[in-house]
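Trainee: I'd like a close look at just one part of this model. Please pick one and tell me how its surroundings fit together.

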Amino acid sequence: MKRQRTRVSAYGLVMKAEHILLCRVSKALPLWQGQWTLPGGGINFGEAPEDAMVREVTEETGLLVKPTQVATVHSFYEESEKQDFHGIWVIYHTQFLGGTLRHEVMGTTDQCAWWNLKDLENLQLVNLAKLGVKLAFNN
């Protein structure tokens, strides 16, 4: 019997002067290595989604944010030979509070950067980041 797995994650749309903050996926996730994603990640057992988003953004970027509203909740399903996977993304609009941008060490991301919409045209984005860009820039 195939394994069934559900993962609920929370992500932040972190904006600053017409730029969105994205993080590059590290070698810890070889399938997506080198592609760019939204800062965020898995919700721990018993953790509120908004708290998970704040924690994950800080872990991956060094920045402090607070959620202002839910941008969207996106659910998807993927089948493979080994498992059926159900992913749920809770994506928040955020308010930037401060901090110093830094890169995560030994994590699922290895670099973070601010991008404007024009610069994103040549960037490899995971599906999560593509959705985030649409929500952030209303396109």
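**One helix and its cover**

Mentor: Let's start at the end of our part: just after α2, N138 takes a positive phi of about 50°. Keep in mind that this is a predicted model, where local features need pLDDT of at least 70, side-chain atom pairs count only at pLDDT 80 or more, and totals for chains, interfaces and linings use all residues. Residues are numbered from 1 along each chain as its sequence is written, and side-chain values use heavy atoms, leaving out hydrogens and water.

Names like α2 come from DSSP runs numbered from the N terminus: helices are H or I with at least four residues, strands are E with at least two.

So which residues of α2 are buried? They are L128, A129, G132, V133, A136 and F137; buried means under 20% relative accessible area, exposed over 50%, and partly exposed in between, with a 1.4 Å probe and protein chains only. Look down the axis of α2 and those buried residues fall within an arc of 135° (taken from the directions from the helix axis to the C-beta atoms), so they line one face of the helix. The general idea is handy here: an α-helix has 3.6 residues a turn, so residues three or four places apart point the same way. Now check the face of α2 turned away from the buried side: there you'll find N127 and K134, both exposed.

What sits over the buried residues of α2? The cover includes β1, β2 (15–16), β3 (19–25), β4 (36–37), β7 and β8 (109–116), where contact means heavy atoms within 4.5 Å. Let's go through these strands and see who is joined to whom.

Take β3, which is mostly covered itself, with 5 of its 7 residues buried. One partner of β3 is β2: the two pair in the antiparallel sense over 2 bridges (strands pair if DSSP finds at least two bridges between them). Find M15 and you can go straight across to its bridge partner in β3, I20. β2 and β3 also make a hairpin, with 2 residues between them, and A17 in that turn has a positive phi of about 50°. Then there's β8, which runs antiparallel to β3 and is joined to it by 7 bridges; here L21 has W114 as its bridge partner in β8. β4 pairs with β3 too, antiparallel over 2 bridges, and C23 is matched with T37 of β4.

Next up is β1 (3–13). β1 and β7 pair over 11 bridges, this time in the parallel sense. To spot that pairing, find V8 and look for its bridge partner in β7, I88. β1 also pairs with β5 (40–42), antiparallel over 3 bridges, and A10 meets G41 of β5 as its bridge partner.

Finally, follow β7 (residues 83–99) over to β6 (residues 63–79): 15 bridges join these antiparallel strands. β6 and β7 form a hairpin as well, with 3 residues between them. Try finding E78, whose bridge partner in β7 is F85.

Back to the helix, then: α2 turns its buried face, including L128 and F137, in one direction, and the strands covering those residues include β3, β1 and β7.
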